[in-house]
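I opened a fresh page for this chain and its ligands, and I wanted to go from the recorded annotation to the fold, and from there to the ligand surroundings. My notes follow in the order in which I looked things up.

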Amino acid sequence: MKRIIIAGPRGKMGSEAIKLVQSQEDMHLVACIDRRNNGRTLQDVEGLPNLEVPIFEDAVECFSEIEADILIELTVPEQGYKHTKAAMEHGIRPVVGTTGFTEEQLDELRWLASERKIGCIIAPNFAIGAVLMMKFSQIAAQYFPDVDIIEKHHDNKLDAPSGTAVKTAEMIKASREYKEQGHAKEKEIYPGARGADYDGMRIHSVRLPGLVAHQEVIFGSAGQTLTIKHDSINRNSFMEGIKLASDKVMEIEEVIYGLENVL
Ligand SMILES: NC(=O)C1=CN([C@@H]2O[C@H](COP(=O)(O)OP(=O)(O)OC[C@H]3O[C@@H](n4cnc5c(N)ncnc54)[C@H](OP(=O)(O)O)[C@@H]3O)[C@@H](O)[C@H]2O)C=CC1
Ligand SMILES: O=C(O)C1=N[C@H](C(=O)O)C[C@H](O)C1
């Protein structure tokens, strides 16, 4: 039985993750970390399930008092990083969906995992279809080096570009030569019009109400384009990946960054 702590239980992802844990015979929710409702239980909070599961505001207090195997982290970048690090320091294995960690933070977590010999999975996108989109894009980039990434999300999202777009760009970078795209003399009339520049490729972030999580990777070549597209139409799309990662994280003693390394 895997004992689970969820950080961010009132959030869109956290509330879906509670349902996932409840539906699994080998997972048991033992606590939640929430910046509100300290000292209460889930059943005392409107909108949360009728469970006698304690809520902690302070992650260190939670990890010290509660015996747990896995932290499912679904909050915001800065706090999510602190929760992840503290979990590993207390022997609890993080499964991290929170996006926006810096390269330095990832390196720090990698070091901690090797020091403590503890597993941690950080997945910028838990949807299997999104992972395939990234893999297919990596293959396509070997043949089509000119590529723009367009990611579209709801307007409550804090980080831009999305974690998925960052990971896609990193995977494409690994499979193509550096290429400065567009016209050598191009000029932006409005700053940012050409999007973010990552290794010469362009990333565009759309934020609008009504969207969930969507990405198109468009490759261009003489006389043709290839578009690889993925849409998450609800947060249930991410739960299979969280389940997979929760199984895998119990078997490893390192940081795995990207669900493609688990499938
Ligand atoms: N890897 C993946 O597949 C996916 C990753 N994500 C990522 O997961 C994270 C959560 O997404 P989502 O559920 O949509 O976001 P929500 O905004 O719906 O939920 C975020 C939760 O974090 C809490 N929170 C906000 N600020 C803090 C803070 N400073 N300290 C502690 N808790 C805080 C919020 O509480 P409050 O209400 O008080 O603000 C809320 O409960 C994001 O980083 C997002 O990018 C999202 C979807 C898929
Ligand atoms: O904030 C979101 O909603 C999502 N965040 C992740 C990301 O930054 O890529 C995954 C998915 O796109 C939804």
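**Entry 1: the annotated domain.** I began with the record: an unreviewed UniProt entry lists residues 3-126 under "domain: Dihydrodipicolinate reductase N-terminal". I kept in mind throughout that the model is a predicted one. In the model I found the end C-alpha atoms of residues 3-126 to lie 20 Å apart, and the span to be 37% helix and 20% strand.

**Entry 2: the whole chain.** I then stepped back to the protein chain, for which I noted 7 helices and 12 strands. How does the radius of gyration stand against that of a compact globule? For 263 residues the globule rule gives a value near 18 Å, and the protein chain has 20 Å, so I wrote down that the two agree. The C-alpha trace spans about 60 × 40 × 30 Å along its principal axes. Of the 263 residues, 38% count as buried. I also looked at how the contacts are spread along the sequence: among those with a separation of 6 or more, 69% are between residues 24 or more positions apart.

**Entry 3: two domains.** The domain assignment divides the protein chain into domain 1, made of 2-122 + 236-261, and domain 2, made of 128-232. I took the distance between their C-alpha centres, which is 29 Å. To the contact between them, domain 1 brings 11 residues and domain 2 brings 10 residues. On the side of domain 1 that touches domain 2, I sorted the residues by class and obtained 4 nonpolar, 5 polar and 2 charged.

**Entry 4: ligand 1.** Which residues are closest to ligand 1? I found 21 residues around ligand 1, the closest being Gly-11, Met-13, Gln-79, Gly-97 and Phe-126. By class, this shell holds 7 nonpolar, 10 polar and 4 charged residues. When I asked which element gives the most to the shell, I arrived at helix 1 (residues 12-23), with 3 residues.

**Entry 5: Arg-36.** The unreviewed UniProt entry also lists Arg-36 as "binding site", and I therefore checked whether Arg-36 is buried or exposed. Arg-36 has 9 C-beta neighbours inside 10 Å and so counts as exposed, the limit for that class being 12 or fewer. As to its place in the chain, Arg-36 lies in the loop that runs between strand 2 (27-33) and strand 3 (55-56).

**Entry 6: ligand 2.** Around ligand 2 I listed Thr-99, Pro-124, Asn-125, His-153, Lys-157, Ser-162, Gly-163, Thr-164 and Ala-213. Sorted by class, that shell comes to 2 nonpolar, 6 polar and 1 charged residues. I went back to the record here, where the unreviewed entry gives His-154, Gly-163 and Thr-164 under "binding site"; Gly-163 and Thr-164 are also among the residues around ligand 2.

**Entry 7: Gly-163 and Thr-164.** I followed these two further, and placed Gly-163 in helix 6 and Thr-164 in helix 6 as well. Gly-163 counts as buried because 21 C-beta neighbours lie inside 10 Å, and Thr-164 is buried with 25 other C-beta atoms within 10 Å; the threshold I applied is 20 or more. Leaving out neighbours within four places in sequence, I found Gly-163 in contact with Thr-99, Gly-100, Pro-124 and Asn-125. With the corresponding residues up to four places away left out, Thr-164 touches Pro-124, Asn-125, Ala-130, Glu-151 and Gln-215.

**Entry 8: helix 6 and the loop after it.** Why did I note helix 6 as largely enclosed by the rest of the structure? The reason is that 8 of its 11 residues are buried, among them Ala-165, Val-166 and Ile-172. What covers these buried residues includes helix 5 (128-140), strand 7 (146-153), strand 8, strand 9 (201-207) and strand 10 (213-221). Last, I looked at Ala-174, which sits in the loop between helix 6 (163-173) and strand 8 (196-198). Ala-174 has 10 other C-beta atoms within 10 Å and is therefore exposed. From Ala-174 to Gln-142 I found 9.6 Å, C-alpha to C-alpha, across 32 residues in sequence.

Terms used: Residues are numbered from 1 along each chain as its sequence is written. Chains are lettered from A and ligands numbered from 1 in the order in which they are written. This is a predicted model: local features need pLDDT of at least 70, side-chain atom pairs count only at pLDDT 80 or more; totals for chains, interfaces and linings use all residues. A residue is near a molecule or strand if its C-beta atom, placed from the backbone, lies within 6 Å of it. Ala, Val, Leu, Ile, Met, Phe, Trp, Tyr, Cys and Pro count as nonpolar, Asp, Glu, Lys and Arg as charged, and the others, Gly among them, as polar. UniProt positions are given in the numbering used here, feature names are shortened, and annotations may be inferred rather than shown by experiment. Helices (H or I, at least four residues) and strands (E, at least two) are DSSP runs, numbered from the N terminus. The radius of gyration is taken over C-alpha atoms; the globule rule is 2.2 Å times the number of residues to the power 0.38. Two residues are in contact if their C-beta atoms, placed from the backbone, lie within 7 Å. Domain bounds come from an automatic or database domain assignment.
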